[in-house]
Amino acid sequence: MAENRYRLLVVDIDGTLLGKNGAISAEDREAVARACNLGVLVSLSTGRAVQAALRFINQLSLDGYHIFFDGALVSNPKNGEEVYSQPLDTMVVKQAVEFAHINEINIEFYSANHYFAERESWSTDIRRNYFGIEPTIVDFTNLWQQVRIIKGTITIRSAEERAKADRFCRRFKDSFDFSQTKSPAYPEVDFVNVLAPGVSKGKALKALASHLAIPMNEIMAIGDGANDISLLDSVGLAVVMDNAPDGVKAVADYITLDVDHSGVAAAIEKFLL
């Protein structure tokens, strides 16, 4: 076989490597390992915080750089080296905290290494039980002065919480970008991500590719969500999971099996091995 044309493989986590059971299949793990053995670099690309992605990076024995927070941070969590970051503006974080306090909106924040909440709640329980991350409980009043905030989240499971989140989004529509995600494990819960304007996985990947000196047409990416479109649109080979919505499938060069049938392994087998 000719030398592999794809030097970097970028893989989403939730809905791509992880299905309803929240585990990476043995087939996917083995296929990723075989790709690495051939010299292909493998990076995960996720909306998750660094801490919530670490166990999967370790399970796949991946070194190197990964994309976190939907593209707001590109770093190597093993040594903390950052290639790219797009944090929230500090003064806007201050205004957001004041607005959340006045309107009793439960917002939570992330730095590169910590997940911050003002109190224990059902939302912190989800982060602990499903994502495996412990909250740092602090008063947010002066947080903007003390910590570089990369992402915020508003978690919703009632009509009242939805109304409050909508009010927040209207107030800060010119200061933040918002995206909504779900987890297969909590179908009744909506997660509203609060990011700096212009954050995307695609922009983060361009920064990573430049750092690694790998042309975009030598990158293969696999994803399933709307937040993967900017990334899939920019690479040499865009592979989309069969469980993805039609809007995401529309940008695919190839549609692989669904997440519960190890679609990542099937795609690696077809194009890299």
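This is a guided tour of a predicted model, from the whole chain down to single residues.

**Whole protein**

Start with everything shown as a cartoon. The protein has 10 helices and 14 strands. Its radius of gyration is 18 Å, close to the 19 Å that the globule rule gives for 273 residues, so the protein is as compact as a globular protein of that length. Align the view to the principal axes: the C-alpha atoms fill a box of roughly 65 × 35 × 30 Å.

Now turn on the surface. About 11900 Å² is exposed, and carbon and sulfur atoms supply 49% of that area. Of the 273 residues, 53% count as buried. Take the contacts between residues at least 6 apart in sequence: 58% of them join residues at least 24 apart.

Colour by charge next. There are 27 positive and 36 negative side chains. The centres of these two sets lie 2 Å apart.

**Stop 1: Ser85**

Select Ser85, in strand 5 (residues 81-85). Is Ser85 buried, exposed or partly exposed? Its relative accessibility is 29%, which falls between the 20% and 50% cut-offs, so Ser85 counts as partly exposed.

Show its surroundings. Leaving aside neighbours within four places in sequence, Ser85 is in contact with Ala72, Leu73 and Arg148. Keep Arg148 on screen. The side chains of Ser85 and Arg148 are joined by a polar contact of 3.2 Å.

For a sense of scale, draw a distance to Leu273. The C-alpha atoms of Ser85 and Leu273 are separated by 33 Å. Along the chain, the two residues are 188 residues apart.

**Stop 2: Glu104**

Move to the loop between helix 3 (90-103) and strand 6 (107-110), where Glu104 lies. Check its backbone: phi of Glu104 is near 55 degrees, a positive value in a residue other than glycine. With 62% relative accessibility, Glu104 counts as exposed.

**Stop 3: Asp228**

Select Asp228, in the loop between strand 12 (219-223) and helix 8 (229-232). Here the relative accessibility is 2%, so Asp228 counts as buried.

Which residues does Asp228 touch, not counting those up to four places away in sequence? They are Asp12, Lys201 and Gly223. Then add Asp224 to the selection. Its backbone nitrogen lies 2.9 Å from a polar atom of the Asp228 side chain.

**Stop 4: Pro245**

Go on to Pro245, in the loop between strand 13 (237-240) and helix 9 (246-249). Pro245 has a relative accessible area of 45% and is partly exposed. Add Arg48 and draw the C-alpha to C-alpha distance: 20 Å. In sequence, Pro245 and Arg48 are 197 residues apart.

**Stop 5: Ser262 and helix 10**

Select Ser262, in the loop between strand 14 (254-255) and helix 10. Its phi is near 55 degrees, again a positive value in a residue other than glycine. Is Ser262 buried or exposed? At 10% relative accessibility, Ser262 counts as buried.

Extend the selection into helix 10 (residues 263-271). Its buried residues are Gly263, Val264, Ala265, Ala267 and Ile268. What covers them? The cover includes strand 1 (8-12), helix 1 (26-37), strand 12 and strand 13. Display these elements together with helix 10 to end the tour.

Definitions and conventions:
Residues are numbered from 1 along each chain as its sequence is written. This is a predicted model: local features need pLDDT of at least 70, side-chain atom pairs count only at pLDDT 80 or more; totals for chains, interfaces and linings use all residues. Side-chain values use heavy atoms; hydrogens and water are left out. Helices (H or I, at least four residues) and strands (E, at least two) are DSSP runs, numbered from the N terminus. Buried means under 20% relative accessible area, exposed over 50%, partly exposed in between (1.4 Å probe, protein chains only). Contact means heavy atoms within 4.5 Å. A polar contact is a pair of N or O atoms within 3.5 Å; within protein, one must be able to donate a hydrogen and the other to accept it, and residues adjacent in sequence count only if both atoms are side-chain atoms. The radius of gyration is taken over C-alpha atoms; the globule rule is 2.2 Å times the number of residues to the power 0.38. Accessible areas come from the Shrake-Rupley method with a 1.4 Å probe; for residues, only the protein chains shown count as cover. Lys and Arg count as positive and Asp and Glu as negative; His and the chain ends are not counted. The place of a charge is taken as NZ of Lys, CZ of Arg, CG of Asp or CD of Glu.
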